[in-house]
Amino acid sequence: MSFLKSKFRHPKLPRNELGLTQQAYEGPLSTLCAGCGHDAIGASIIQACHELSIPPHRIAKLSGIGCSSKAPTYFLDKAHGFNSVHGRMPSIVTGANMANRDLVYIGMSGDGDTSAIGMGQFAHVVRRRLNMLYLVANNGVYGLTKGQTSATADEGSLSKQGQANPLEGIDLVTMAIQLGATFVARSFSGDKRELLPLIKAGLSHNGFAFIDIVSPCVTFNNHAGSTKSYDYVRDHVTTGAVTDFVPVEEEIIVSSSDSEAQDICLHDGSILRLQKTGNEYDPQDRQQALAAIEQSRQEDRILTGLLYVDPAAQDLHEVLGTTDKPLNSLGERALCPGSDVLEVINDSFR
């Protein structure tokens, strides 16, 4: 097996508005297990950032600990990056975002990094509505430490050794909606047609965007009895809303004969186009989204697609009324205005 990634690319590869090919968004050769769903997620992130023409150096990718948190090594190698302590990525991305609001923030996490040791951190970054895309590569096991059952594993699902999980799993999409996330979706790493537009829409959303991605662990959780294997997901998946993302620069064409199509205009004028599988499902209705998720769970189905979105959401900077200029670009005079200003501030607390 070669550990050298070829740099050869076809000279006529498509270029985006920046004149860059997809190669500018790639990373080194992955050392994850062959067939790992995390590599498919990385490939979708690469394609999404390329098609949105985001300058690679304007992206910050952050992660915690685990196979999923190792995955950012293999995409966007020209972006800013920080691999934090286990479960502590939300604190790091919050600090970075408050200092420089002009970057595009991608948080890559896993079911253990988010739903176990990082649960408290996850809850607070959601309720703060930090402007970021938070991805969870969810495989139901701790693959980096040899396959222990994680907190998102479904009750009754079997480990590779044949042991049944006695506890009910944590549903991260339900929790994200309840905590105040303004863009919530679930997808499958093996369904790029659905995952790609969700990532593009999440990157363009103003506020906290969360995507729970079922990403089978081919080594420890891709067997009969697992509810997060490739075969199980394909047999039990159902879609709440088929999503397409139309950038603001492109012409928008709506088919008037398709009564089930729904267009949602985002802050920058981009269009989130939904093709609903159920006539009554409205992804802008939080209560309906929660009810649909619960109903699918009771029916032993995995509901994917865009589950909830608030196109008029505010992010943390808007809520706190921070300066439009990134803090890291402010000069000493703005950051240290002097004792007179400090005295006024102190007086306001007396």
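User: In this predicted model, how exposed is Asp-39, in terms of relative accessibility?
Analyst: Asp-39 lies in helix H1, and outside its own stretch of sequence it touches Ser-30, Leu-32, Cys-33 and Tyr-74. Buried means under 20% relative accessible area and exposed means over 50%, so Asp-39 counts as partly exposed, with a relative accessibility of 28%.

User: What is the C-alpha to C-alpha distance in space between Asp-39 and Pro-72?
Analyst: Asp-39 belongs to helix H1, and Pro-72 is 33 residues apart from Asp-39 in sequence. In space, C-alpha to C-alpha, the separation of Asp-39 and Pro-72 is 9.4 Å.

User: Is Ser-68 buried or exposed?
Analyst: Ser-68 is placed in helix H2, and, leaving aside residues up to four places away in sequence, Ser-68 touches His-38, Met-108, Ser-109, Gly-110 and Ala-137. Its relative accessibility is 5%, and because the limit for burial is under 20%, Ser-68 counts as buried.

User: Where is Leu-76 found, and what is its phi?
Analyst: Leu-76 sits in the loop between helix H2 (67-70) and strand E2 (80-83), and with a relative accessible area of 1% this residue is buried. Although Leu-76 is not a glycine, its phi is positive, at about 55°.

User: How does the accessibility of Arg-129, another residue with a positive phi, come out: buried, partly exposed or exposed?
Analyst: Arg-129 is a residue other than glycine with a phi near 55°, and its place is in the loop between helix H5 (119-127) and strand E4 (132-138). Its relative accessibility is 30%, which lies between the 20% and 50% limits, so Arg-129 is partly exposed.

User: Which element gives the largest share of the largest nonpolar core?
Analyst: This core has 36 residues, of which Ile-45, Leu-76, Leu-203 and Ile-211 touch the most other members. Two or more residues come from each of helix H1 (37-51), strand E3 (104-110), E4, strand E7 (183-188), helix H7 (192-204), strand E8 (208-214) and strand E12 (302-309). The largest share, six residues, comes from H7.

User: How many residues are in the other core that lies apart from the largest one?
Analyst: The members of this other core include Val-136, Ala-181, Leu-290 and Ile-293. Set apart from the largest core, it has 31 residues.

User: Which residue in E12 is the bridge partner of Val-184?
Analyst: Strands E7 and E12 run antiparallel and are joined by four bridges. E12 is mostly covered, with eight of its eight residues buried. Within E12, the bridge partner of Val-184 is Tyr-308.

User: Which element has the lowest mean pLDDT?
Analyst: The protein averages a pLDDT of 88, and 90% of the residues score at least 70. Among the elements, strand E1 (residues 59-63) has the highest mean, 98, whereas the lowest, 63, belongs to strand E11 (residues 271-276).

User: Over which residues does pLDDT stay under 50?
Analyst: Where pLDDT is low, the predicted coordinates should not be read in detail. For the stretch in question the model has eight contacts beyond four places in sequence. The stretch where pLDDT stays under 50 is residues 252-259.

Technical notes: Residues numbered from 1 in each chain as written. Predicted model: local features only at pLDDT ≥ 70, side-chain atom pairs only at ≥ 80, totals over all residues. Heavy atoms only, no water. Buried < 20%, exposed > 50% of the residue type's maximum accessible area, 1.4 Å probe, protein only. Contact = heavy atoms within 4.5 Å. pLDDT = per-residue confidence, 0-100. Core = buried A, V, L, I, M, F, W, Y, C linked by side-chain atoms within 4.5 Å. Pairing = 2+ DSSP bridges.
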